[in-house]
Amino acid sequence: MIIPVNTSNESYDIVLERGALFKAGEYLNLNRKALIVTDDGVPSVYAETISNQCKDAIVVTLPQGEKTKSFDSFKFLLSKMVENNFTRSDCVIAVGGGVIGDLSGFVASSYMRGVDFYNIPTTLLSQVDSSIGGKVAINFDGYKNIIGAFYQPKKVIIDFDVLSTLPKRQISNGLAESLKMSLTSDAKLFELIETKDVKENIEKIIEASLLIKKSVVEQDEKETGLRKILNFGHTVAHGIESDSNLSQWFHGECVAVGMLPMCSREVRNRVIPVLEKLNLPTKIPFDTQNVINAMSHDKKMSGDSITVVTVEKIGQCKMENIPFEKLSLKMKEVL
């Protein structure tokens, strides 16, 4: 299956196919120099499979984890491109999860003012969310994604087979993003996740999630309005992730918890059993003031308030400007 994405500036395809990794040469222009970026948590055979289909490939394996999305890694990858005489006609290929995709995309956007970027997401979270839409970034001074750009990939390849090597916790981590999109935009997708066997329906869930994000990105590429709904749950989540004492929690797990204060009581009563079904947390022991302090650096902040996405009814959402004081009370009440 191919899902086309058409923004005002770029058009590209998302290829969804079992075994697509081994056919990358049919979908991507690999007859040139390619920087393949992966991490040590990704089976090395994935990057090797892509490398074997390239005319000239340099594979760089970085340490797994959020700390890799840093200026040091950014500089290191750019240095590799300079050392190996990359030109504007060459490309960068991400083979990994959201960290690798965000970092590699930002490198591609910066080198010689932009070279082609291909994204091959290998985690469920990156397949349903971060691999499309063009948000590329690194973390800085303890704040997530505070330095970055909007830079669309030239193509995205999603091979369902790579999910077989993911730990169960990583599957749950990715399902949090699909659940997020169902709550804001698709009641039928929520019901599927709520009532059906998730493993048996994983391809349907991925496809439905991508169609939601595609629609939003096409209407609002640079997050001036509608695209902000994709931040549902992320305001609190990024605050939690900014606390170094809570680094053991995955992004999707933080999003799962971050959604709860933003739901009506009626919605929350249905969401909590679904989170438990998906083996996602409903509480994380964070310091509310630390999270609020981190939020004060959020891009959605204005004065002593912040814009958040709320869900009063499943499949529908709205944006609200909430004072930090009120948000703090809500977090304490719910979490």
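Contact here means heavy atoms within 4.5 Å of each other. With that cut-off, residues 24 or more positions apart account for 72% of the contacts in the chain with a separation of 6 or more. The model is predicted, so to speak for local features pLDDT must be at least 70, side-chain atom pairs count only at pLDDT 80 or more, and totals for chains, interfaces and linings use all residues. Residues are numbered from 1 along each chain as its sequence is written, and side-chain values use heavy atoms, with hydrogens and water left out.

**Figure 1. The whole chain, to set the scene for the close-ups.** The chain has 13 helices and 12 strands; these are DSSP runs numbered from the N terminus, with helices being H or I of at least four residues and strands being E of at least two. Its radius of gyration is 19 Å, close to the 20 Å that the globule rule gives for 335 residues, so the chain is as compact as a globular protein of that length. That radius is taken over C-alpha atoms, and the globule rule is 2.2 Å times the number of residues to the power 0.38. Along the principal axes, the C-alpha trace spans about 55 × 40 × 35 Å. Of the 335 residues, 58% count as buried (buried is under 20% relative accessible area, exposed is over 50%, and partly exposed is in between, with a 1.4 Å probe and protein chains only).

**Figure 2. Surface and charge.** About 14,400 Å² of the chain is exposed, and carbon and sulfur atoms supply 48% of this area. Accessible areas come from the Shrake-Rupley method with a 1.4 Å probe, and for residues only the protein chains shown count as cover. There are 39 positive and 42 negative side chains, and the centres of the two sets lie 2 Å apart. Lys and Arg are taken as positive and Asp and Glu as negative, while His and the chain ends are not counted. Each charge is placed at NZ of Lys, CZ of Arg, CG of Asp or CD of Glu.

**Figure 3. L35 in strand β3.** Let us go inside: L35 belongs to strand β3, residues 33-39, and is buried at 0% relative accessibility. Leaving aside residues up to four places away in sequence, L35 touches I58, V60, L77, K80, M81, F86, C91, V92 and I93. S104 is 69 residues away from L35 in sequence, yet their C-alpha atoms are 9.1 Å apart in space.

**Figure 4. M112 and R113 in the loop between α4 and β6.** Here is a spot for anyone who likes a Ramachandran plot. Most residues other than glycine have a negative phi. M112, which is not a glycine, has a positive phi of about 50°, and R113 likewise has a positive phi, near 65°. The loop that holds M112 runs between α4 (98-110) and β6 (116-121). M112 is partly exposed, with a relative accessible area of 39%, whereas R113 is exposed at 76%. The C-alpha atoms of R113 and N9 are separated by 16 Å, with their positions 104 residues apart along the chain.

**Figure 5. The cysteines C263 and C317.** How many disulfides does the rule give? The count comes to 0, a disulfide being a pair of cysteine sulfur atoms within 2.5 Å. The sulfur of C263 lies 11 Å from the closest cysteine sulfur, in C317, which is too far for a bond. C317 is in no disulfide either, and its nearest cysteine sulfur is that of C263. C263 counts as buried at 3% relative accessibility, while C317 is partly exposed at 27%.

**Figure 6. Two further loops, with P43 and S164.** P43 sits in the loop between β3 and α2 (44-51) and is partly exposed, with a relative accessible area of 29%. From P43 to L62 is 19 residues in sequence and 13 Å in space, C-alpha to C-alpha. S164 is found in the loop between β9 (155-158) and α6 (168-185). Is S164 buried or exposed? S164 is exposed, at 65% relative accessible area. The C-alpha atoms of S164 and G142 are 33 Å apart, with the two residues 22 positions apart along the chain.
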